[in-house]
Amino acid sequence: MSDPWQECMDHCIAVTRKAGEMIREALKKDISVMQKSSPVDLVTETDQKVEALIISTIREKYPSHSFIGEESVATGSSSILTENPTWIIDPIDGTTNFVHRFPFVSVSIGFTVKKEIEFGVVYSCVEDKMYTARRGKGAFCNGEPIKVSGQKDITKSVVLTEINFKENLDHFKTMMCNIQNILTIPVHGIRCPGSAAVNMCLVACGSADAYYHIGIHCWDMAGGAAIVTEAGGVIMDITGCPFDLMSRRLITASSRPIAEQIARQIQQFPCGRDDEESS
Ligand code: IPD
C-alpha cells in the first residue's frame, strides 16, 4: 500500500530547506530582537517571516490541514491538537542561539494525524544537517541512517538539558537541584547546546545519551520526537509515564534504563500545557 503521507514529508523537507536558507541569509545581517513573555523569551522578524513562508507554502498545497506554529500561537492562534492532519512548526528553534550566532539553530516541523506523529523534519541550518524520520521507516541525517548510542549505563553518559531563568526563583532552584542530582550520579557531563530540536537529534545520532527538559513546547518537540524514536531512542514524560506532546516536558534517551534513572532523579515544577487555552 502506498504511503499516504510521504508526499507531505517530501514537501516538508523542501520547505524546511528553503526556510533554513532564509535563516542563514538573515544571520549575515543585523538582527533586531523583540521580547515575548519574558526577557529571555526572544523573537525576531526572521522567526515571523520564516513561519509565514512555511505555513503559506504548505497551506497552498494542503488547504484542509491544520497548523500549530510558535509565532502564530504567540499572536493568538490556537494550540489545541485535533485529529486533523496537523503541521507543528517551530520556524527558528533556538532563537537565543540565532540572536547570538551560536551555531545550533534549527527549523523544526512535526506532522500529526489523529494526534500521532507521522513524521518529523529538523534542519540544523548552520551545520547544514537535515534530520528526517517517517514513522516505522527509520531516522536519517542528510540521507544517512542514524541511531542512538545504545548506552545503558548512565555513569558513562553525556546528558543534555537547558538552563535559563524565567522569572520564577522556585522553578529555577528546582532546575538547578535537578542538574546537581544528575551530575552527582555521576554522569560524564551535562551540555546545554540549546535548540531543543537539535538536542533531540544529538541523542538520535549518538552524540549524547539523554536529554530532559521541563517547560518547552510542542513545536520544540514534535519534529525531534519522531527522529529520536525512529533512531531507536526512548521518549517519555519526566514522571516516567508515556510521552505527551502537549505536556511541555520530556525525557529522551538512548535506552530505557537511562531515561528511567533520569525520571527518578528529577523533580517537576508546574509549567502548564500547550493545549490549555490560557497557556
Ligand atoms: C527554545 C529552544 C531552547 C529551549 C526553550 C525553547 P525557541 O525554542 O528550544 O533550547 O530551552 O525552552 O523555547 O523559542 O527558540 O523556538
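**Entry 1: the sheet**

I began with an open sheet of five strands in this predicted model. I read the strand order as β11-β10-β12-β14-β13. The pairing is mixed. Next I looked for the edges. They are β11, residues 189-191, and β13, residues 234-236. Each of these two strands pairs on one side only. I also looked up the twist. From one strand to the next, the average is 20°.

**Entry 2: one strand pair**

I then picked β10 and β12 from the sheet. How do β10 and β12 run, parallel or antiparallel? They run parallel. Strand β10 covers residues 158-160, and β12 covers residues 210-214. Two bridges join them. I checked who faces L160, and found Y211 of β12 opposite.

**Entry 3: two helices**

I moved on to helix α1, residues 6-26, and helix α2, residues 45-61. Their axes come within 10 Å. The crossing angle is roughly 155°. Angles over 145 degrees count as roughly antiparallel, so α1 is roughly antiparallel to α2. I noted the hand of the α1 and α2 crossing as well: right-handed.

**Entry 4: the helix contact**

Which residues make the contact between α1 and α2? From α1 I listed E7, H11, V15, A19, M22, I23 and A26. From α2 I listed T46, K49, V50, L53, I54, T57, I58 and K61. I sorted the contact of α1 with α2 by class. There are nine nonpolar residues, three polar and three charged.

Methods
Residues are numbered from 1 along each chain as its sequence is written. This is a predicted model: local features need pLDDT of at least 70, side-chain atom pairs count only at pLDDT 80 or more; totals for chains, interfaces and linings use all residues. Side-chain values use heavy atoms; hydrogens and water are left out. Two strands pair if DSSP finds at least two bridges between them. Helices (H or I, at least four residues) and strands (E, at least two) are DSSP runs, numbered from the N terminus. Axes are lines fitted to C-alpha atoms, for helices over the stretch in contact, and angles run from 0 to 180 degrees between N-to-C directions. Angles under 35 degrees count as roughly parallel, over 145 as roughly antiparallel, 65 to 115 as roughly perpendicular and the rest as oblique. A crossing is left-handed if the near helix is turned anticlockwise from the far one by less than a right angle, and right-handed if clockwise. Contact means heavy atoms within 4.5 Å. Ala, Val, Leu, Ile, Met, Phe, Trp, Tyr, Cys and Pro count as nonpolar, Asp, Glu, Lys and Arg as charged, and the others, Gly among them, as polar.
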